[in-house]
Amino acid sequence: MAVKAKPKEGTPAWERSLRENPTFAKEAIRSLTMRAANGEPGASEQLVVWLKDFPEHKSEVKALDDLMAKTEALWANAASFGDKLAEQAARDEAAALRTQLLPPNATILDQILASAVVVAYLAHARAALRAAGTTDIPALQTARERWLSEAQKRLLSALKNWQLIMGKKTRGMRTPLKLFDAAQAAAS
Amino acid sequence: MSWDRKKGGPASGYFYESMRIEGKPHPVKVYRGRGNVGQLAASLVDSRRRNQQAARSAARAEAAATTEAEKLAEELNDWARLLMDAWLVANGYRFHRGSWRFRRGC
């Protein structure tokens, strides 16, 4: 099998290859968001241009899909403590929750926010089961209660993020962005 | 904790426990007794330490079971936060005093 040669540094091909790298894309979006939030002139427009180039970020979206699926599977397994039947029940519960959270024509943002809620829910279920269990070591019980409290905070935070976006979306978007357009997301 | 022998004192020594006291920047040696009382105090301190070690290793083992899942969940949350912020900023919102508000004139 022929191995694709790495493009020479500084060339337009190299710049294009950078855009396909999820880590680079993540840091570019983060940097532009921060600059735009600080009111830097032109940063908001650059961010919009970045997000409009959604079809070029196929690899990134694929990586996000994989990340969501893998994380949910791991937490379903963790919440069932190795019991296959309980794991299947956890997976079904997660799928039902995800369906409830996703609006019709869900975008990648909707999907990732819903996935974050599902993961936090499964982590909370595991922490709650652990805290309800008995142990003869008081310090371990204290640690389990602390983990449960942390899991509750994470679940609340994930739900707040999801609720914030769903609330704002009802007011409409300023610019139609391909990254957040359901038709584009479905086509990719 | 330690058994300290002193000149003219009993051969078994005096039992001291090392502990932290509020307001002191360093651990303090607290006298717990000598002879049988010292032995009893030493066994209590020893059993307490063994319990603490058992709790620590059990907690570490429980936490280790979800290390990979925790790492992935953190990455997922990071992406969710990033895309959410990007969406809000690109749509003309700004973070002001703990909440996202629509920027006027956008």
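Biologist: Why is A:Asp110 called buried in this predicted model?

Modeller: A:Asp110 has a relative accessibility of 2%, and since buried means under 20% relative accessible area, A:Asp110 counts as buried.

Biologist: What makes the pair A:Asp110 and A:Lys169 a salt bridge?

Modeller: The closest N and O atoms of A:Asp110 and A:Lys169 are 2.8 Å apart, and the rule asks for a side-chain nitrogen of Lys or Arg within 4 Å of a carboxyl oxygen of Asp or Glu, so the pair qualifies. The pair links distant parts of the chain, with A:Asp110 in helix α6 and A:Lys169 in helix α7 of chain A, 59 residues apart.

Biologist: Why is A:Lys169 called partly exposed?

Modeller: The relative accessibility of A:Lys169 is 23%, and because partly exposed lies in between under 20% and over 50%, A:Lys169 belongs to that class.

Biologist: What makes B:Arg50 count as exposed?

Modeller: B:Arg50 reaches 52% relative accessibility, and exposed means over 50%, so B:Arg50 is placed there, whereas B:Asp46, with a relative accessible area of 30%, is partly exposed. The side chains of B:Arg50 and B:Asp46 meet in a salt bridge of 2.9 Å, N to O, and the two residues, four apart in helix α1 of chain B, are separated by about one helical turn.

Biologist: How do you know that A:Lys26 and B:Asp78 form a salt bridge?

Modeller: Their closest N and O atoms are 3.0 Å apart, and the cut-off is 4 Å, so the rule is met. Between chain B and chain A the count is five salt bridges.

Notes. Residues numbered from 1 in each chain as written. Chains lettered and ligands numbered in written order. Predicted model: local features only at pLDDT ≥ 70, side-chain atom pairs only at ≥ 80, totals over all residues. Heavy atoms only, no water. Buried < 20%, exposed > 50% of the residue type's maximum accessible area, 1.4 Å probe, protein only.
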